[in-house]
Amino acid sequence: MNAKARILATVASLGFMLFSFNHCVLEKKTNSKSTATTSSSSPVAQDNQPAAPVATAPPVVVTPAPTAPPMNTPAPPPVVIQSAEIDIGVKNFEEINETMSVVTGISAGTNAINNTFRELEVQLPTDNSIKSFLSSNQVAITKLAAEYCDQLVNSGTLRAAVWPGLNFGNSPNQVLANNTQKTLVINQTLDKFWGPNVGGNRTTSQLEMLSLMNDLLNGENLGSATTTQVTMKGVCTAALASAQVTLM
Amino acid sequence: MRICRYLLLIFFLSPLSFAGPREQAYRLHNRLTGVPPSTVVLAQMENLIQNGQAQAAADIAMQNPRFYDVVIKNWVKDWTNEEQTNRVPLNDYVATVIGIIRDNRPFDRVLYGDYLYVSSDNNAPAYDNANNDHYEYLEDNRVSLAQTLQEVVQSQVTGVADTAGVITTRASAKSFFDAGTNRAMTRFTFMNFLCKDFEALHDITVPDGYVRRDVDRAPGGDSRQYKNKCVGCHAGQDSLGGAFAYFDWDGTQITHNVNQVSPKINANVLFTDGNVVTDDSWLNLWATGQNSVVGWRGTASGTGARSLGRYLARSQAFSQCMAEKVFKLVCVKEPQSASDIAAVQSYAGEFEQNDLYNMKNLISKTSTLCLGE
């Protein structure tokens, strides 16, 4: 793969790390999944609820300082800090490998894939806990995705199953010349890797992929079929290493 | 830099908001098999979820061989070693659990059944008591466990008379009978199948008559340390641990010498009046008192590994532990909300009563608790 695709892969890792971090700590749930029960009837307690602590921590009961209430006033009920629940997990090393194999059609037993997987295995996530997910995990995921995409784009039969109608022997000037052509292959990529009509924000993702593709083509030799293949490897790697594929 | 910006946006916009039946089916399949569903399977599962038959949808996903070959395999690997990691080769312990689940054997027999599962793959080296080559071949060559595992009689293959499900598999022996005094087997069986380490069972009111000679009665010259701390675990575990007195690991395979206590058990003497193990009888001194919450059932004494395995598997804690482990497997979190805790408790009861310890039912049922909103 060329340098641009590698840069793409590395930056993708950082993006995912940021994404994971935000999803781990931001939201506080207030629906029926809440674990708080003891002070739910108290308006004081509800008003004083601070932002959610680190997700999945058990509910913490904070007893107010005893100095405030006068002698005859009953002590206010304890403040219960609701714990947010993580509702997503990350696939482990073997699940990631199997997933990439399933969606690309490349056998995980292929020598090149198997060798890359063995090299990266220890760097891939060990278990399904999103809390233990590290940036190094994402780097390994991206490297593995790059290997799968390299194999995919180089295989005439398998790439035709993902991108039917796209002639990889033609130059971008012929097959990626306008937004219609580009959007078609982007949709095919997302449908294949992310599942058909699964998940939200598909339109926005398509637009972002379109911008990515334009960036990958910018300044390259648009009259060469090699550029078509390299660009498609980049698009493939971005989609295959994304959270939609590796989270569950 | 524009590429960086765009890629960041792509990842931020990754469609992870699961909502409708289609997204729920997609997630369910991913969690049960580790891979996304095919278009056909996704449509089937979506339809079932839409009609309020989420468990049937889970059952469809569980027909995928990767349910066994990937998800269950990695789930169980943690149980087979002291490091509790899944970064270990496939072994007979894991294969046996997979086989029991696949064949709908009552899962309590995982601790006392005379089962062993080997592959029927013709190219794999035959099962050997002295090495793990058979299973490593299967894993290295991506041989499907779901499709090739077959049950054999463990005692006939290994020559161990007192077989006790996975407890007496080669992998288990390698991890928990190696060196030491076999206490590791008791401890990790409690951790893996009752979800209780000995710290949780610590009870210094139990008589210390079974505490062995290798336990110092005055560590650091202070007998209070023994009375207030050591005895809390040793009194109970040493009375149970007798069940494994005839077992050992010789460096390559499990050994079981009937009527012959392994020399290592009584080898160290720090207190000469301590208990000397003379046979493989066991007694549960934790059956009463604070540890009665484990929900013990049956006679609190016996001889050998199989009888202890049966006794542990029939406890209420076993069912509760399995229900909690399954929840964590399919929901990727601990049961925290009141509704989840209640559901897990309820499923644990059904698991041991109506479902006759059918693990697949427990998994499919539990997986519907976290379809996503």
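**Note on helix packing and backbone geometry in chain B**

1. In the contact between helices α15(B) and α17(B), B:Met322, B:Ala323, B:Val326, B:Phe327 and B:Val330 of α15(B) meet B:Leu362, B:Ile363, B:Thr366 and B:Ser367 of α17(B). By class, these residues comprise 7 nonpolar, 2 polar and no charged. The model under discussion is predicted.

2. The geometry of this pair can be stated briefly. The axes of α15(B) and α17(B) lie 9 Å apart and make an angle of about 50 degrees. The two helices are therefore oblique to each other, and their crossing is right-handed.

3. Helix α17(B) also deserves attention for its surroundings. Of its 9 residues, 8 are buried, so the helix is largely enclosed by the rest of the structure. The buried residues are B:Met359, B:Asn361, B:Leu362, B:Ile363, B:Ser364, B:Lys365, B:Thr366 and B:Ser367. Their cover includes α2, α4, α6, α15 (316-331) and α16 of chain B.

4. Two of the helices named in that cover, α2 and α4, also pack against each other. Helix α2 (residues 21-33) and helix α4 (residues 54-61) of chain B have axes 9 Å apart, at an angle of about 45 degrees. That angle makes α2(B) oblique to α4(B), and α2(B) passes α4(B) in a right-handed crossing. From α2(B), the contact draws on B:Ala25, B:Leu28, B:His29, B:Leu32 and B:Thr33; from α4(B), it draws on B:Ala57, B:Ala58 and B:Ala61. The residues of this contact divide into 6 nonpolar, 2 polar and no charged.

5. Helix α6 (residues 92-102) of chain B is likewise part of the cover of α17(B). In α6(B), 11 of the 11 residues are buried, so this helix is largely enclosed by the rest of the structure. Among the buried residues are B:Asp92 and B:Arg102, together with B:Val94, B:Val97, B:Ile98, B:Ile100 and B:Ile101. After α6(B) comes B:Asn104, with a positive phi near 55 degrees.

6. Two further backbone positions should be inspected for their phi values. Most residues other than glycine have a negative phi. B:Asn182, although not a glycine, has a positive phi of about 70 degrees. B:Asn182 is placed in the loop between α10 (170-176) and α11 (183-193) of chain B. With 26 other C-beta atoms within 10 Å, B:Asn182 is buried.

7. The second position is B:Leu356, also not a glycine, whose phi is positive at about 50 degrees. B:Leu356 lies in the loop between α16 (338-352) and α17 (359-367) of chain B. Here 13 other C-beta atoms are found within 10 Å, and B:Leu356 is therefore partly exposed.

8. As to the chain overall, the secondary structure of chain B comprises 17 helices and 6 strands. The C-alpha atoms fill a box of roughly 70 × 55 × 50 Å along the principal axes. The radius of gyration of chain B is 23 Å, which agrees with the value near 21 Å for a compact globule of 373 residues. Of these 373 residues, 51% count as buried. Among contacts in chain B between residues at least 6 apart in sequence, 67% join residues at least 24 apart.

Definitions and conventions
Residues numbered from 1 in each chain as written. Chains lettered and ligands numbered in written order. Predicted model: local features only at pLDDT ≥ 70, side-chain atom pairs only at ≥ 80, totals over all residues. Helix = DSSP H or I, 4+ residues; strand = E, 2+ residues; numbered from the N terminus. Rg over C-alpha atoms; globule rule 2.2 N^0.38 Å. Buried ≥ 20, exposed ≤ 12 C-beta atoms within 10 Å, placed from the backbone. Contact = placed C-beta atoms within 7 Å. Axes fitted to C-alpha atoms, helices over the stretch in contact; angles between N-to-C directions. Parallel < 35°, antiparallel > 145°, perpendicular 65-115°, else oblique. Left-handed = near helix turned anticlockwise from the far one by under 90°. Nonpolar A, V, L, I, M, F, W, Y, C, P; charged D, E, K, R; others polar.
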